[in-house]
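Hi everyone, thanks for making time. Let me put the thing on the screen, and then I'll walk through a few spots.

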Amino acid sequence: MNIVILGCGKVGCELAATLTGDGNDVAVIDKSREALDKVSEDLDILTVLGDGADIDVLKEAGIESAEVFIAVSPYDEVNLLSCLIAKEVSGVETIARVRNPLYYRESGFFLSNLGISMIINPEQQAASAIYKLLRYPALSRVDRMAGGNVLIFTLHCRGEYGFAGHTLAEVRRDTKARVLACAVYRKGAVFIPDGSFVIEKDDEVTFVTPVEDMEIFSKEHNMHNNPTMDIMISGGGRVTWYLTERLINAGRHVRIIELKEDKCEVLSERFPEAEIICGDGTDRRFLTKQGIKNADAFVAATGIDEENIVIANYVKNSAGIKVITKVNRTDLRDVIEALDIDSAVFPKVITSDVIAQYVRAKASGVGKNLEAFYRYMGNSVEIVEFKAVESDPGLGVTLMDLKLKKNLILACIIRDGRPIIPSGRDAVKEGDSVIVVTSHKGITSMGDILES
């Protein structure tokens, strides 16, 4: 596919890398020659210097032959306007990143009246990811697939869980929950394991389970996985705004620490149910004074990554509660892994994944068949959900007889809304949804998971 991206920031670069890796032809527009030169050093893409709302610039980037236009510049107005122009010029599918809550609330208008295909808000996406982690505090990451009926989750294998020294087959055999381990991260290495793989203490293991079995699995392995009820948040920005809305609606107690008095006033007016504290949420003594040790969870969501990481590490070591930090810079992953932080949420990566899912679905030529897509373990592992159609190869063949690609696990089959953690005797049928975990890139259908 031919794809034009407006904006060469972190999201634009992440998207360009992902989409070129999928075999697409990508052009990137930006006003900064330095940014364009940097992204073109590593990627075989067309770069165009100029304004994305300029018709001539769009044409130079190939908008007339493009199938998808993605606007992720720093400016909402430019993103919306450039999508409108691109749509008029070529009828291309358009995706706009919109961060302003006022504009985002009008997403329905933009989608129905301006012909924009997708509106995405990174802060809202990040808040949703944090909310899920606060619902399952023992986990370092959790996502929902199959319409919310299946959980994909990652946990740090602590000694009390009883996994260490056991094979994955033994873990599955000895639990009443329907669960399958499908990826392991160990000391910088990623494994797509089989049943003979032995878990070691401190491994990061990703599992698949029907959502109703999560409680069974947690209780059997001594995980403290009840929803957090008292949450302290440092920083009063957009992520905090969206997160607080969801937490209050769920009946949680929220304490927000914000340094700027004017922001505190706005937060107090908008969230009278929350406790708004004016002060420095990155100050250790101040957090102690505010009773951080009495909270169930702490979210570091200021606008400065380094401060979020440092204070999150301090809270984890001093208070021993669930800690989540928001981080914009993906190059800080290694730093976070070396520290004692439960979970890190990267809004830009989440945004890139959502857009990539849309583009892959369109590129597959079957539109609705690709239903969900996530990247795990530093983008080394992809977890994909797609629908099996009549023309797919391998339908009706038991999994033990299917020649699946190496480094790939068919982790779950969803049939008539019912999740099945499959054995070798199960088979995929037409109309099933299939969840696959793999180190291969660009999986969108049954044909992609079989050896040729």
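Okay, let's start with one pair: Thr154 has Thr206, in E11, as its bridge partner. Before going on, this is a predicted model, so local features need pLDDT of at least 70, side-chain atom pairs count only at pLDDT 80 or more, and totals for chains, interfaces and linings use all residues. Numbering starts from 1 along each chain as its sequence is written, and side-chain values use heavy atoms, with hydrogens and water left out.

Back to that pair. The strands involved are E8 and E11, which pair in the antiparallel sense over seven bridges. When I say strand or helix, I mean DSSP runs numbered from the N terminus, at least two residues for a strand (E) and at least four for a helix (H or I); two strands pair if DSSP finds at least two bridges between them. E11 covers residues 204–210 and has another antiparallel partner, strand E9 (residues 180–186), with five bridges joining E9 to E11. One of the matched pairs there is Leu180 with Val208 in E11. And how much of E11 is buried? Six of its seven residues are, so call it mostly covered. Buried here is under 20% relative accessible area, exposed is over 50%, and partly exposed is in between, with a 1.4 Å probe and protein chains only.

While we're around E8, look at the loop between strand E7 (141–145) and E8 (150–156), which is where Ala146 is found. Its phi is near 55°, a positive value in a residue other than glycine. Most residues other than glycine have a negative phi. Ala146 also counts as buried, because its relative accessibility is 9%. Asn222 has a positive phi too, near 60°, and its place is in the loop between helix H9 (214–220) and E12.

That takes us to E12 and its partner. Strand E12 (residues 230–234) pairs with E13 in the parallel sense over five bridges, and Ile231 has Val254 in E13 as its bridge partner. To get from E12 to E13, the chain goes through helix H10 (residues 238–249), and that β-α-β crossover is right-handed. Right-handed means that, with the strands pointing away from you, the path from the first strand over the helix to the second runs clockwise. A right-handed β-α-β unit also comes from E13, helix H11 (residues 261–270) and E14. E13 and strand E14 (residues 275–278) run parallel, joined by four bridges, and Ile257 is matched with Ile277 in E14. How many residues of E13 are buried? Five of the six in 253–258, so E13 is largely enclosed by the rest of the structure.

Now the sheet at the start of the chain. Six strands make an open sheet, in the order E3-E2-E1-E4-E5-E6, with parallel pairing. Strand E3 (46–49) and strand E6 (118–120) are at the edges with a single partner strand each, so one side of each has no neighbour in the sheet. Neighbouring strands are turned by 15° against each other on average, ignoring direction. For angles, axes are lines fitted to C-alpha atoms, for helices over the stretch in contact, and values run from 0 to 180 degrees between N-to-C directions. Inside that sheet, strand E1 (residues 2–6) runs parallel to strand E2 (residues 25–30) with five bridges, and Val4 is paired with Ala27 in E2. Helix H4 (residues 76–90) lies across E1, E4, E5 and E6, at about 175° to E5.

Then there's an antiparallel one: five strands in an open sheet, ordered E18-E19-E22-E20-E21. Here E18 (370–376) and E21 (418–420) stand at the edges, each with a single partner strand. E18 pairs with E19 (residues 381–387) over six bridges in the antiparallel sense, and Arg375 stands opposite Glu382 in E19. Across E18 and E19 lies helix H15 (residues 347–363), at about 145° to E18.

Last stop, the one you'll want to argue about. Asp305, in helix H13 (residues 305–319), is buried yet has no salt bridge. A salt bridge is a side-chain nitrogen of Lys or Arg within 4 Å of a carboxyl oxygen of Asp or Glu. Which side chain of opposite charge is nearest to Asp305? That's Arg329, 5.0 Å away, counting Lys and Arg as positive, Asp and Glu as negative, and leaving out His and the chain ends. Beyond four places in sequence, Asp305 is in contact (heavy atoms within 4.5 Å) with Lys326, Val327, Asn328, Arg329 and Leu332.
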